[in-house]
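Student: Got a minute to walk me through this model? I'd like to get a feel for what holds it together.

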Amino acid sequence: MDTRNPTDTAATVIIGQNVRPGCEQAFEAWQKDLNGEASKYPGFLGAEINPPTAVQSEWVVVYRFDSIAHVQAWLNSGTRQDRLAGGHEFLDGPATQQVLGGGAQHRDPLVTVAVSHRVDPDNVDDFLAWQAQMNLAESKFPGFRGTELFRPVAGVQEEWTTLYRFDTADDLDRWLVSDERKQLLAEGEKFSDFHSRTIDNSFGSWFAFDEHGNDTPPPSDIKTSIAVWVGLYPTVVLLSLLLWPLKMPLWLNLLVGNLCSSFAMTFLTMPYYVNPLLKHWLRPPPNVPATKTNWRGIGISVAALAFWSVVFYLVTRVFWHLP
């Protein structure tokens with residue numbers, strides 16, 4: 001149960017699920033284990049499992065996090081995707097899902113495509129069978145991380161929604177343009193009334209920390225500032241050394257240098273140096289104490305800056321004699 005009061009920006013996700021007869025106890029044990037994993041994620045406030053009642057035919061699981069960003073980070077996490085695969089044997093058909101709460105939504109940490117279908121009630125069984133074929137086909141493609149299918153919610157969502165998740169944008173594209181998918185789309189022509197939205201976070205962020213380059217809820221302002229410092233110092237000094245022989249006036253040197261620094265930080269320094277170097281501090285594993293990751297991150301930052309300081313001292317004062 002939730003033992004803390006959520007803040008004004010708290011987010012709640014409500015998942016309704018039918019459970020196969022005879023699997024109730026196994027499902028509840030599996031769900032409790034899943035809730036335990038959720039509790040290790042940033043922003044977790046609480047979780048509830050509500051069995052069916054006279055007015056509620058489904059099992060209802062409620063998660064509460066302190067923000068939309070954090071609840072989406074849990075819903076799309078690799079941990080949850082792996083655990084869902086082990087719970088399919090207890091579930092009877094697709095779930096429903098509602099996400100409620102304030103604050104701006106954060107982009108999913110995996111590369112995801114959300115597909116919404118309008119399905120005639122008379123065609124639901126055919127749609128589910130066709131969807132199962134689609135899921136089986138895509139699961140054989142590299143980088144596949146999981147699929148979730150959500151039923152309509154009366155008065156809230158009139159469409160069936162499917163989420164396909166892949167490790168990278170390239171993995172997703174390989175499936176989207178595949179002959180297998182084209183054939184299945186042709187076979188499911190009567191379900192052609194759909195629209196899709198791709199959520200691709202592999203590019204365009206200084207703080208894409210995980211091994212696939214997908215972004216997550218951002219680190220604190222202090223971590224952000226230190227991480228930028230770790231990357232900015234060697235970038236600025238190296239560019240200054242490269243531009244120094246041009247003997248440009250100060251105002252022009254700074255103008256050109258700042259432009260080059262921006263490009264270098266975005267496309268080279270952050271994704272290939274700072275993020276891999278500090279990923280366990282900027283995006284700590286959920287089961288590692290914060291104190292340990294903080295000291296480790298600070299130590300790595302100090303060591304990196306000390307290394308570059310020594311290198312640039314030797315370059316500018318020993319090998320060369322620069323101002």
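Tutor: Sure, let's go through the fold, the aromatic pairs, the cores and the salt bridges.

Student: Is it predicted or experimental, and how many helices and strands are there?

Tutor: It's a predicted model. The protein chain has 9 helices and 8 strands.

Student: What share of the residues is buried?

Tutor: Of the 323 residues in the protein chain, 45% count as buried. The accessible surface is about 17,800 Å², and carbon and sulfur atoms make up 59% of that.

Student: And the contacts, how much do residues 24 or more positions apart account for?

Tutor: Take the contacts in the protein chain with a separation of 6 or more: 73% of them are between residues 24 or more positions apart.

Student: OK, aromatics. How many pairs?

Tutor: The count is 14 aromatic pairs. One of them is Tyr 63 with Trp 74: the ring centres are 5.9 Å apart and the planes sit at 65°, so it goes down as edge-to-face.

Student: Why edge-to-face?

Tutor: Because the planes are at 65°, and over 60 degrees is what counts as edge-to-face.

Student: Where do those two residues lie?

Tutor: Tyr 63 is in strand 3 (residues 59–65) and Trp 74 is in helix 2 (residues 68–75), so the pair ties together parts 11 residues apart in sequence.

Student: Is Trp 74 buried or exposed?

Tutor: Buried, with a relative accessible area of 0%. Its partner Tyr 63 is at 1%, so that one counts as buried too.

Student: What is Trp 74 in contact with, leaving aside neighbours within four places in sequence?

Tutor: Leu 34, Glu 37, Ala 38, Tyr 41, Tyr 63, Phe 65, Thr 79 and Arg 80.

Student: Which residues touch the most other members in the largest nonpolar core?

Tutor: That core has 27 residues, and Phe 27, Tyr 63, Phe 65 and Trp 74 touch the most other members. At least two core residues come from each of strand 1 (11–17), helix 1 (24–38), strand 2 (44–50), strand 3 and helix 2. There's also a second, separate core of 18 residues, with Phe 141, Leu 149, Leu 172 and Trp 175 among them.

Student: Back to rings for a sec. Which residues do ring pairs link into a cluster?

Tutor: Tyr 233, Tyr 273, Phe 307, Trp 308 and Phe 312.

Student: And which ring does the charged end of Lys 247 sit over?

Tutor: The ring of Trp 244, with the charged end 3.9 Å from the ring centre.

Student: Switching to salt bridges. How many in the whole structure?

Tutor: A search finds 7. Asp 33, Glu 37, Lys 40 and Arg 83 are linked in a network of them.

Student: What are the distances for Glu 37 with Lys 40 and with Arg 83?

Tutor: The Glu 37 and Lys 40 side chains meet at 3.3 Å, N to O. For Arg 83 with Glu 37, the closest N and O atoms are 3.2 Å apart. That second pair links distant parts of the chain, with Arg 83 in helix 3 (residues 78–87) and Glu 37 in helix 1, 46 residues apart.

Student: Which of those are buried, and which are partly exposed?

Tutor: Glu 37 is buried at 12% relative accessible area. Lys 40 is partly exposed at 37%, and so is Arg 83, at 28%.

Student: What about Arg 64 and Glu 48, buried or exposed?

Tutor: Both are buried. Their side chains meet in a salt bridge at 2.7 Å, N to O. This pair links strand 3, where Arg 64 lies, with strand 2, which holds Glu 48, and the two are 16 residues apart.

Key:
Residues are numbered from 1 along each chain as its sequence is written. This is a predicted model: local features need pLDDT of at least 70, side-chain atom pairs count only at pLDDT 80 or more; totals for chains, interfaces and linings use all residues. Side-chain values use heavy atoms; hydrogens and water are left out. Rings of Phe, Tyr and Trp (its six-membered ring) pair if their centres lie within 6.5 Å; planes under 30 degrees apart count as stacked, over 60 as edge-to-face and the rest as tilted. Helices (H or I, at least four residues) and strands (E, at least two) are DSSP runs, numbered from the N terminus. Buried means under 20% relative accessible area, exposed over 50%, partly exposed in between (1.4 Å probe, protein chains only). A charge sits over a ring if NZ of Lys or CZ of Arg is within 6 Å of the ring centre and within 35 degrees of the ring normal. A nonpolar core is a set of buried Ala, Val, Leu, Ile, Met, Phe, Trp, Tyr and Cys residues joined through side-chain atoms within 4.5 Å. Contact means heavy atoms within 4.5 Å. Accessible areas come from the Shrake-Rupley method with a 1.4 Å probe; for residues, only the protein chains shown count as cover. A salt bridge is a side-chain nitrogen of Lys or Arg within 4 Å of a carboxyl oxygen of Asp or Glu.
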